[in-house]
Amino acid sequence: MLRIAPTVAVALLTVPIAVGLLAVLLPSFGYLPVIGGTELTFDPWRRLFAQPALAKSIVVSLTSGLFTTAVALAAVCLFIAGSSRTRIYSWFRRLISPLLSVPHAAAAFGFAFLVAPSGLLARTFSPWATGWERPPDILIVHDPWGLTMMVGLVAKEIPFLMLMCFAALPQIEPARRVTLARSLGYAPAAAWFKTVFPGLYPLIRLPVYAVIAYASSTVDVALILGPTNPPTVSVAVIRWLNDPDLSMRFMASAGAVLQLIITVAAIAIWWGLEVVVRILGRRWLENGDRSSLRGISPIWGAGFMALSAAAIFLGLSGLAISSLAGFWRFPEILPAAFTLRAWERSGPAIAETIWTSLLLGGIAAAVSLAVVTGALENEVRRHRRAGHTAMLLLYLPLIVPQTAFLLGMVFSIELAGVRPGFWPVVFSHIVFVLPYVYLSLSEPYRRLDPRWIQVALSLGTSPARAFWRVRLPLLMMPFLAAFAIGLAVSVGLYLPTLLIGAGRVATVTTEAVALSSGGDRRIIGVWALVQAFVPAFGFTIALLVPRFLWRNRRGMREIR
Amino acid sequence: MTRLQMEAVRISMGGQTLVEIDEEVSPGEVLAIMGPSGAGKSTLLSYIAGFLDPAFDATGRILINDEDVTRKPAEARRIGLLFQDPLLFPHLSVAGNLMFGLTGRAGRRQRVAEALATMGLAGFADRDTATLSGGQKARVALLRTLLSEPNAMLLDEPFSKLDLSLRTEVRAFVLNRLRSSGLPTIFVTHDGGDAEAADRIVLIGTSCAKRGNPPCE
């Protein structure tokens, strides 16, 4: 069983993506026999490029990928460079997990509510600063160039990149590097960018590419914050796919392939920029100029962090208020009356969807955890560490745009005669959950002192029993955390649930996003809040269970 | 009463020999293996116990009472291990730790309580291991290993983390207990004082003349 675990993991990651991509490539050239496409033709592509304003869609998707990543990365680096070893640093570090656990859609709803013409920001500054007595007639959310979408994405991607940096930094001993450079006379920011960043970047390159891919191809955030006419490429693809006219599926396929090309192009451009920075950077690294970056204050990075956290937390608070709001005149900052009506109206539907979400996420996380544990246990028993290729495979589902291969997965599932529903959705979720479970569990798993297991074995325990009786209890906390992260990822997934479930599987996320076009702000508030707090449920359990189990075991409180 | 033999054992990495040893340890004998850090002392122990990293190449046989255990998995060798940390399982109580290694089914709690009493730890069964003193932890770790009824004992720098006042006492206690149980014992150390407490000393790694460290055989 253990021996095949790594193979199973690799298959779970690669087969759906490979099959999905193939199954979308063929229809993009007109081949999809089920709906009468039997010849290879360029027709879908011709129709795609005849779409009005396609160029604008492409530009927005491409820019979103690059702009979001550049700003988020710059913010994270400025923060770490300026604030390491300060109180703000450790304080923000504790905020990372709650920030990350908020699904993209919920964060986007909150952000929309914050910046909309009638949103919290406008109310705070009206009428005394703006003079607005009524919500101004300007397009902030859904703006044609996707700026609001990009800013919202920046706020949500900052915690992700931050976590990746925190995970990578200990490997390169940043404190010693900075101390050394500062003793040579460099300013703090210069010391960090000259000595730590060049070591850090290669370690976070794949996560950075994942951010590019996500920001250039997101569907749920684009539906909530992004431009509508024309929408981003991915949103357009989903619209065409859902068109009652089945022949639109050919063009949708071509669009999905186009999305893949856009994401690859965005990563290629970024890679080109990396080369330029490396060449120019070398000269800067070696110029010995002690005056560089003296003007960079720690405030900048800390400010970015505060804005990112505030955008998410204030947004959620705004949602909470609006879900309870009765009559709420502009520019009053709080409603005149509060009512539970929106909650009462949504109640029964909410209970059912929460259950579906938890079941779906629970199964996907449990299966992923089992496969990942198998692969890791196999690794430690055979003293063989997964190499660079394994890491690349792991990031595959995070780098290949969802739109591209999910469309193909839909076609293949239809072709195989599988009825869309709960189990196919579970399967599709595992593809996305597994990488996160692996990333969160692998470090603690490998770091556990091997002598614990050696002691157990030398006492005559079998390897299997040593796993259950020693490794599992000692790693209870990381195991539960990995499960909670897997659950959170699954709960936040929009496109796989929507497409593979063919609209028949309703989770808190699909329901919340479906409401976004409806426009009743109170109901949206209810659903977005529910969506934000379902993942928190998993994290709370992960925190409380070990405390209860080991309440009389002081030695279990230190992280091993 | 058991004997432990290392027969023409040679451990190497990338063609370079790390350790070469051919020794026999008789019942109740304590053999100290001394050498500077990096000399491959711990590697040798992991080979004897069955945990050698496959990155190393090893030849030679390990025999317990003339039975070749070299190909057996670690859990079937019945070779007890003690490290410099007591490594008491933090999620189990004192009794839980002892029962983890205890063989046999009948009267387990009773046997654990009796064994604790012989170590001067009567009434400690339900204690959280984190609340024990350093010396008490060392005794529980030793007891846990003994209750698994090993045929030989390996100690990896077992006393190096104890502070000086405790060290002599714990060392005498552990080694005497092992001698009286009749087990062949190997311990590795780079400390001269520890080594002198053994019945016999073998030096590995760099020559002792160059190190200028007592004691040289």
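This is a short tour of a predicted model, stop by stop, with what to select and what you'll find there.

Some housekeeping: residues count from 1 along each chain as its sequence is written, chains are lettered from A in the order in which they are written, and side-chain values use heavy atoms, with hydrogens and water left out. Since the model is predicted, local features need pLDDT of at least 70 and side-chain atom pairs count only at pLDDT 80 or more, while totals for chains, interfaces and linings use all residues.

**Stop 1: between the chains**

Select both sides of the A/B contact (heavy atoms within 4.5 Å): you should get 26 residues from chain A and 26 residues from chain B. The buried area (accessible area, 1.4 Å probe, lost on putting two parts together, summed over both) is about 2,400 Å², and carbon and sulfur atoms give 64% of that. On the chain A side, A:Arg451, A:Leu459 and A:Arg553 lose the most area to chain B, together 28% of what that side buries.

Now zoom in on A:Arg451. It forms a salt bridge (a side-chain nitrogen of Lys or Arg within 4 Å of a carboxyl oxygen of Asp or Glu) with B:Asp85, where the closest N and O atoms are 2.5 Å apart. The count between the two chains is one salt bridge. Helices here are DSSP runs of H or I, at least four residues, numbered from the N terminus; H19 (450-458) and H20 (463-474) of chain A each supply at least two residues of the side that touches chain B. H19(A) gives the most, with seven residues. Add A:Asp449 and B:Lys161 to your selection, and you have a salt-bridge network together with A:Arg451 and B:Asp85.

**Stop 2: A:Glu377 and its two partners**

The structure holds 26 salt bridges over all chains. Pick A:Glu377, which pairs with A:Arg381 at 2.9 Å between the closest N and O atoms. Both sit in helix H15 (residues 341-381) of chain A, four residues apart, about one turn of the helix. An α-helix has 3.6 residues a turn, so residues three or four places apart point the same way.

Which residue in helix H20 of chain A pairs with A:Glu377 from 94 residues away? Select A:Arg471; the closest N and O atoms of that salt bridge are 3.4 Å apart. A:Arg471 and A:Glu377 are both buried (under 20% relative accessible area, 1.4 Å probe, protein chains only; exposed is over 50%, partly exposed in between). A:Arg381, at 35% relative accessibility, counts as partly exposed.

**Stop 3: a charge without a partner**

Go to A:Asp143, in the loop between helix H6 (120-124) and helix H7 (147-168) of chain A. A:Asp143 is buried yet has no salt bridge: A:Lys56, the nearest side chain of opposite charge (Lys and Arg positive, Asp and Glu negative, His and chain ends not counted), is 8.7 Å away. Leaving out residues up to four places away in sequence, A:Asp143 touches A:Thr148, A:Met149, A:Leu225 and A:Pro227.

**Stop 4: the core**

Finally, select A:Trp192, B:Ile48 and B:Ile186: they have the most contacts inside the largest nonpolar core (buried Ala, Val, Leu, Ile, Met, Phe, Trp, Tyr and Cys joined through side-chain atoms within 4.5 Å), which has 212 residues. Beyond its neighbours within four places in sequence, A:Trp192 is in contact with residues including A:Cys77, A:Ile80 and A:Phe197.
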